[in-house]
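Here are a few exercises to work through with the model open beside you. Try each task before reading its solution.

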Amino acid sequence: GARTPRPTPKPSSAASEVYKRQVRHLASVREEWVGVEFDWATFEMETGDMVAWAEACGETDPRFIDPDHPDFQAHPGFTTHCMSGRVLPENFPQIGGGFGIDGGKKVEVHGPICPGDTLNATTTIADIFDKTGRSGTMVFIVQRMEFRNARSELVSTDDWKLIKKAD
């Protein structure tokens with residue numbers, strides 16, 4: 001049969017005040033840190049690594065697995081394996097509890113990445129927000145890496161979400 005939804009319990013006034021303080025704190029952290037560049041790295045694009053990545057992804061398109069293909073280039077998700085030195089900026093405030101978990105990645109491809117390319121990556125905090133669901137309130141910190149080739153052309157943007165339990 002159909003289940004009757006349970007009413008959502010109303011928080012006590014003390015819990016409500018704690019939540020309001022957390023929201024104000026998160027808003028101030030967001031205002032101060034979103035858009036801040038905090039890491040820079042350089043990556044050399046090598047044919048063998050590009051092919052191995054595409055094959056590991058189960059790719060069959062020759063553009064990504066055959067170096068002799070006239071349009072050979074990196075698989076669209078290739079830049080997700082490029083890790084910079086820092087996860088968060090130096091002196092970033094502690095928000096949420098613990099170290100957090102990987103909340104997934106989103107890649108936007110702007111242009112081809114070819115063997116021999118040198119990519120310069122810049123990392124920023126792209127967003128900070130919270131979301132409340134069945135597990136309670138979670139804080140999301142979105143780290144963005146933008147990859148540019150030697151001609152300074154933007155070729156890939158990778159957003160990675162770090163998810164932490166709210167305090």
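A residue counts as buried when its relative accessible area is under 20%, and as exposed when that area is over 50%. Keep in mind that this is a predicted model.

**Exercise 1. Place H75 and decide: is H75 buried or exposed?**

Step 1. Start with the chain: H75 sits in the loop between α3 (62–65) and β2 (97–109).

Step 2. Now apply the cut-off. The relative accessible area of H75 is 15%, and buried means under 20%, so H75 is buried.

Step 3. Next, look for polar partners. The side chains of H75 and E59 are joined by a polar contact of 3.4 Å. The H75 side chain also reaches the backbone nitrogen of G77, at 3.0 Å.

Step 4. Finish with the surroundings. Setting aside neighbours within four places in sequence, H75 is in contact with W53, A54, C57, E59 and F64.

**Exercise 2. Describe the largest pocket: which residues are closest to its centre?**

Step 1. The largest pocket holds about 220 Å³ of space.

Step 2. Its lining has 15 residues, and C82, M83, Q143, M145 and W160 are the closest to the centre.

Step 3. Sort the lining by element: β2, β4 (136–148) and β5 (154–165) each give two or more residues. The largest share, 3 residues, belongs to β5.

Step 4. By class, the lining of the largest pocket splits into 5 nonpolar, 5 polar and 5 charged residues.

**Exercise 3. Do likewise for the second largest pocket: which element gives the largest share of its lining?**

Step 1. The volume of the second largest pocket is about 160 Å³.

Step 2. Its lining consists of 13 residues, with Q22, L26, V139, A166 and D167 nearest the centre.

Step 3. Two or more lining residues come from each of α1 (13–33) and β4. The answer is α1, with 5 residues.

Step 4. The classes in the lining of the second largest pocket are 6 nonpolar, 5 polar and 2 charged.

**Exercise 4. Find the largest nonpolar core: which members touch the most other members?**

Step 1. Recall a general tendency: in soluble globular proteins, nonpolar side chains tend to be buried together.

Step 2. The largest nonpolar core has 15 residues, and F43, M45, M50, I113, L119 and F147 touch the most other members.

Step 3. The elements giving two or more residues to this core are β1 (37–44), α2 (47–56), β3 (118–133) and β4.

Step 4. Zoom in on L119: beyond its neighbours within four places in sequence, its contacts include F43, M45, I113 and F147.

Step 5. Finally, a second, separate core of 13 residues includes L26, I95, I128 and W160.

Note on methods: Residues numbered from 1 in each chain as written. Predicted model: local features only at pLDDT ≥ 70, side-chain atom pairs only at ≥ 80, totals over all residues. Heavy atoms only, no water. Helix = DSSP H or I, 4+ residues; strand = E, 2+ residues; numbered from the N terminus. Buried < 20%, exposed > 50% of the residue type's maximum accessible area, 1.4 Å probe, protein only. Polar contact = N/O pair within 3.5 Å; in protein donor to acceptor, adjacent residues only side chain to side chain. Contact = heavy atoms within 4.5 Å. 1 Å grid on protein atoms, 1.4 Å probe; cavity = no way out; pocket = protein on both sides within 12 Å on 5 of 7 lines; lining within 4 Å. Points joined across faces, edges and corners; volume = space filled by probe spheres on them. Nonpolar A, V, L, I, M, F, W, Y, C, P; charged D, E, K, R; others polar. Core = buried A, V, L, I, M, F, W, Y, C linked by side-chain atoms within 4.5 Å.
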